[in-house]
Amino acid sequence: MRIAIGVTFGLEIEKRMESVLGLFEEDGFTVEVFPIESNNINITSLPLIVNLIKEKYGTNLEEVIVVSNVEELIFSWYRCYNYIVDHFVYIPSAYTYKGEYNEEVRGIIDVLISFIGAESENLQGRIYIDLSPDTYNLVVGKFLGNYSFSYFELLNEFKNRNKLVKKISHKKYLYKELEFSLEDISDGSSSIVKLTPENIDIQKLLKQLELCPNFIPYVVFDLFYSRSFIPKAEQLFLYIMRNIRKAKQELINEACEVIISIMKLSTFSFSEQLYIISLLVEMQPKYPGIIKMFISLLLEDQRHIRYHHNVLVQTGGYIAYAGALKYDGYEADKRKILESIGDYLIDNYEIQMNIPQERNKNIVILTDQLLSLLHSPTKITLEYAIFIKKLYPDYRIVIFAEDNYIDIGVKESIVGGYGAVSSYRCREEHAAFLEGTDIEIVYANDNEEFLIRGKKNIEKIQILNPHFIFTNAEISIVQQVLFKMYPVVYLSFGSVVPGGPADVYMFKDKREAVALNEKLNTIPEKQIQQYTCAFNMPDSQKIIRREDYGFLESDFVLVTVGNRLNGEMDEGFINMVFNFLRQHSDAKWLIVGPQKIPYIHEVWKEDEKQVVFVDYEKDLVALYGICDAFLNPIRHGGGYSVVAAMAAGLPIIISSMPSDGLVFVGEKHGCGLEYEDFYQEMEKLYQNKMYRKQKGEMMKERLSKFSYEQLEKEFRQYFIMAEEEYQKRVVLLT
């Protein structure tokens, strides 16, 4: 016979307690209910209740469990009378019951139910708890201190319970020099348990979470609610989340689902929601829909628009660096948010919106940031500035380095996140590169609030009253506002759906841009133009030998280069490359980029001996000299590294999917759309040295077709087109 003892409080109003007892009855348990109100039950009553059960049903019982919605009873009994019943079940209650005890006993009970000192006890089994997103609000804060979660198991796991053979264990508790026991221990055969609190040890916490993965979301929320009391809470969160990330993917995904459910069932402020979603990203950046959660929050919010820009910066960072997944329509939603921020700036920061009757012979260049010249977008931006100056020598050229990735606004509401160094720190490099020109750079004051910086830049540009604004920025609020007053030409470095408005959009691949913008209903086809990329590739400045990286002359060396490879190389791509490496012991993979690739270290650790990681190499042409083929992930961007590889005469392995890299390589030289196509092309290059040589020479020859002469014609044409589009807009605006 199996007995379920129900020790209840407020059963007539606690429908969940009644329901759970009914489920045990359906499962074959005989249920005996002992309402506290009519039985004068306290923390010493469990042995008496069990004896009553045995008197009624005999001592040869198959299983005895105790089910209660009274926290102080079930938690205390689990510790003090662990051996008396087989299992303990707790049903969280909206009603708090506290027995009448003197102050001394009450203090001990409160310590017992906080699981202080429980680690030193011989506690067998766990407390099965009726816990879900619906009931978590009843037990907030119960799981973190003293690793309390490690003494619980979810009630839905009760069906998988093991038969426990419990040893009798008598205990005395020592609290503030007072010995305390719920049992009459006269023979002295008892252990002493010191009820001494201890600080949380992070390594121990993570170890316990490995053993109790079902409680990850609840511990995360307990941490969240305790964050104001925890020193260096953000660093702690980051460490915990990134270690939790190492658990099995299905467990992490389940934890994400629970966290999202709790969010939906609770009332959190805007900043709290940001905080929790950022925790999800740190724990599982590739969880489907996580970026949409951020963006939906912004689209629905009208009270905190001044913080929206930094949230956009963070979502871009999560996508580029953490591998978070974009959703269909992300770019279109991003444009809507940037537009609303621009309107907010105009309405709340006293921006004077006057369309000039005449414009000066000035060209303003907007860019998100200017970093070191080792950062290829920075170098290309400065090269284009020089190029425009040559096209329009009597125009004043002023670059505004906006530092759009630096925002002191809402950082405290996001755990981790991404930022950037100040463009001003690299000013000497910029000046040296522009030496001999009269091109000016205006740097942002990164100590100012982002929108105040934007207002000041707008006012400076209004004083310049430029004839054109030329931009490669992706998240510029300045561009959003000034588009209403000046003609704007946008040039893409890789983005297919730019964040800001323009009169003419210049893309490396017009066909791809037209297709995607038509799908998203973002940019009219007539405003989309294709431009010819032109590069001055530097000659190699040093000699790099294969032996410098441990390669043999006979090795087949693949190289992949990028600043955001962790986000650009998905698991399918990585698996494909390692399957190739496993088949060819003399094949090596050189990965160049500042990011770690956790998936490689976690899944392909045994095969890493065929991989060499390099944080950075300035002289890519020299590095490519020791390689046999350039392997390009399916990505937007990375065009400069592809061009450098072509200049070095490397064959390029690239998807046939439209991308800026494919513009240089040519459609007919793409290897296909599937990873199997990549594999076959690698195999062909590995086996056939003549094909490898011919394809490399072909790449070098193709690069010669990208000339500045053609680019000059395009620039002049597109500036004229921008003026025409602007004049049409002006008529409508006035």
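**Sheets, a central helix, cores and salt bridges**

Strand 4 (residues 87-90) and strand 5 (residues 127-129) run parallel and are paired over three bridges. The model in which they appear is a predicted one. Within this pairing, Val89 has Tyr128 of strand 5 as its bridge partner.

Helix 1 (residues 15-26) packs on the sheet to which these strands belong, touching strand 1 (2-8), strand 2, strand 3 (63-68) and strand 4. The direction of helix 1 makes about 175° with that of strand 1. Helix 4 (residues 71-80) also packs on the sheet, and its contacts are with strand 1, strand 3, strand 4, strand 5 and strand 6. The angle between the direction of helix 4 and that of strand 4 is about 155°.

The sheet as a whole is open and consists of six strands in the order 2-1-3-4-5-6, with parallel pairing. Its edges are formed by strand 2 (30-35) and strand 6 (152-154), each of which pairs on one side only. On average, neighbouring strands of this sheet are turned by 25° against each other, direction ignored.

Another open sheet, also with parallel pairing, has five strands in the order 19-18-17-20-21. Strand 19 (611-614) and strand 21 (652-653) each have a single partner strand, so one side of each is left without a neighbour in the sheet. Within this sheet, strand 17 (residues 556-561) and strand 20 (residues 629-631) run parallel and are joined by two bridges. Here Val559 has Phe630 of strand 20 as its bridge partner.

Attention may now turn to a single helix. Helix 12 (residues 308-321) contains 14 residues and spans 20 Å from its first C-alpha to its last, close to the 20 Å expected. Is this helix mostly covered or mostly exposed? It is mostly covered, for 12 of its 14 residues are buried. Among the buried residues of helix 12 are His308, Val311, Leu312, Tyr318 and Ile319. The buried residues pack against several helices, including helix 10 (270-283), helix 11 (290-300), helix 13 (330-348) and helix 16 (450-464). After helix 12 comes Gly323, which has a positive phi, near 80°.

The nonpolar interior is the next topic. The largest nonpolar core has 146 residues, of which Ile5, Trp77, Phe143, Phe215 and Met283 touch the most other members. Helix 10 supplies the largest share of this core, nine residues. Phe143 touches, among others, Ile129, Phe149, Phe152, Phe215 and Tyr218. Apart from this core lies another, of 67 residues, which includes Ile363, Val504, Ile626 and Leu650.

Charged side chains also make links, and the structure holds 38 salt bridges. In one of them, Arg242 meets Glu282, with the closest N and O atoms 2.8 Å apart. This pair links distant parts of the chain, since Arg242 is in helix 8 (residues 233-244) and Glu282 is in helix 10, 40 residues apart. Arg242 counts as partly exposed because its relative accessibility is 40%, whereas Glu282 counts as buried because its value is 4%.

A further salt bridge joins Glu449 and Arg306 (3.2 Å, N to O). Glu449 lies in the loop between strand 12 (440-443) and helix 16, and Arg306 in the loop between helix 11 and helix 12, so the pair ties together parts that are 143 residues apart in sequence. Glu449 is buried, with a relative accessible area of 19%, while Arg306 is partly exposed at 31%. Finally, Glu72, Arg106 and Asp110 are linked in a network of salt bridges.

Definitions and conventions
Residues are numbered from 1 along each chain as its sequence is written. This is a predicted model: local features need pLDDT of at least 70, side-chain atom pairs count only at pLDDT 80 or more; totals for chains, interfaces and linings use all residues. Side-chain values use heavy atoms; hydrogens and water are left out. Two strands pair if DSSP finds at least two bridges between them. Helices (H or I, at least four residues) and strands (E, at least two) are DSSP runs, numbered from the N terminus. Axes are lines fitted to C-alpha atoms, for helices over the stretch in contact, and angles run from 0 to 180 degrees between N-to-C directions. Contact means heavy atoms within 4.5 Å. The expected span of a helix is 1.5 Å times one less than its number of residues. Buried means under 20% relative accessible area, exposed over 50%, partly exposed in between (1.4 Å probe, protein chains only). A nonpolar core is a set of buried Ala, Val, Leu, Ile, Met, Phe, Trp, Tyr and Cys residues joined through side-chain atoms within 4.5 Å. A salt bridge is a side-chain nitrogen of Lys or Arg within 4 Å of a carboxyl oxygen of Asp or Glu. Lists of a residue's contacts leave out its neighbours within four places in sequence.
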